[in-house]
Amino acid sequence: MSTFNSRFIMSVPVLELVLLLLLVASAAAEVIDTRYKDPKLPMNLRIKFLMEQMTLEEKIAQMAQINRLQAEADPKILRDYSIGSLITAPDSPPGGDHRASAEQWVDMVNGYQRWSLFHRLGIPMLYATDSVHGHNNLYRATIFPHNVGLGATRDPELVKRIGAVTAIETRASGIPYVFAPCIAAHRHLAREAVRKSLVLLKNGKDATKPLIPLPTKTSKILVAGTHANNLGLQCGAWTITWQGQNGHNLTTGRPLPYGRTGGNLKERE
């Protein structure tokens, strides 16, 4: 046998051994310490175990929030980069269907979550939406007045109850994280801004004789203007779409005058 052949035969096992060692080393490097998933351990310790295993890229990605349309175009980015959060903004309902049901929302959110859990560390992403005056992106959800209107009621308990309803309806569509009104840290500045901005919404000069809520026995109320009998315009912006929509087809419900008449409204030009 020639020297070349004998060297070649001897080198094959050596090459195989090197490849095997590389595979073993690679597998060992990918062993994940899963103690960070143990709910019985202290939270600070779980965080420590997780952070020690995260790359710089993964830490940056966990601080990022992207529009869900980006994930719809390529859901693998949730698995490959461990994106921290997705957000549904107005104009991006499930499948582009503004009348999508709560079940369709749940299925969409769960689908994205599965891609996130496929990541090597399996960190769940946070799915978010803007629920600024009710779950305003969900068709047939309860739409409340915008926050400046709620502020004009001077009724904190009412606003608290509205917040509870909004939370229930948002969570029922599979979304655990909302952008909603918050209390400003500099409250005196916020109050000054409200005082100076409220003109027509000021609730009367005498606090003991408020104009709102309207008396239930009022015989006649003049409702005029382009918004008078227009469900879409009364809902306003951030309702299903960014700027709202003119007309009665935006969502279900009846415009303001129906709340007083309980029936058909005779429109006047």
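A salt bridge here is a side-chain nitrogen of Lys or Arg within 4 Å of a carboxyl oxygen of Asp or Glu. That is the yardstick for the close-ups below, which come from a predicted model. By that count, the structure holds six salt bridges; three of them get a view here, plus one arginine that goes without.

**View 1. Asp80 and Arg79, paired through their side chains.** Zoom in on these two and you'll find a salt bridge, with N and O at 2.7 Å, so the pair falls within the 4 Å cut-off. Neither partner is tucked away or fully out in the open: Asp80 is partly exposed at 42% relative accessible area, and Arg79 is partly exposed too, at 29%.

**View 2. Glu72 and Arg68, a salt bridge inside helix H4.** The closest N and O atoms of this pair sit 2.9 Å apart. Both residues belong to helix H4 (residues 68-73), where they are four residues apart, or about one turn of the helix. Their surroundings don't match, though. Arg68 is buried, with just 1% relative accessible area, whereas Glu72 is partly exposed at 42%.

**View 3. Arg120 and Glu58, a salt bridge between a loop and a helix.** Here the side chains meet at 2.8 Å, N to O. Arg120 comes from the loop between helix H6 (102-117) and strand S3 (126-130), and Glu58 from helix H3 (residues 56-62), so this pair ties together parts that are 62 residues apart in sequence. In this case the acid is the buried partner: Glu58 has a relative accessible area of 8%. Arg120, at 33% relative accessibility, counts as partly exposed.

**View 4. Arg46, buried but with no salt bridge.** Arg46 is part of helix H2 (residues 43-51). Which side chain of opposite charge is nearest to Arg46? That would be Asp38, at 6.4 Å; the cut-off is 4 Å, so the pair doesn't qualify as a salt bridge. Asp38 still has something to offer, however: its backbone oxygen lies 3.1 Å from a polar atom of the Arg46 side chain. Setting aside neighbours within four places in sequence, what else does Arg46 touch? The residues in contact with Arg46 are Arg35, Tyr36, Lys37, Asp38, Pro39 and Leu41.

Definitions and conventions: Residues numbered from 1 in each chain as written. Predicted model: local features only at pLDDT ≥ 70, side-chain atom pairs only at ≥ 80, totals over all residues. Heavy atoms only, no water. Helix = DSSP H or I, 4+ residues; strand = E, 2+ residues; numbered from the N terminus. Buried < 20%, exposed > 50% of the residue type's maximum accessible area, 1.4 Å probe, protein only. Lys, Arg positive; Asp, Glu negative; His and termini not counted. Polar contact = N/O pair within 3.5 Å; in protein donor to acceptor, adjacent residues only side chain to side chain. Contact = heavy atoms within 4.5 Å.
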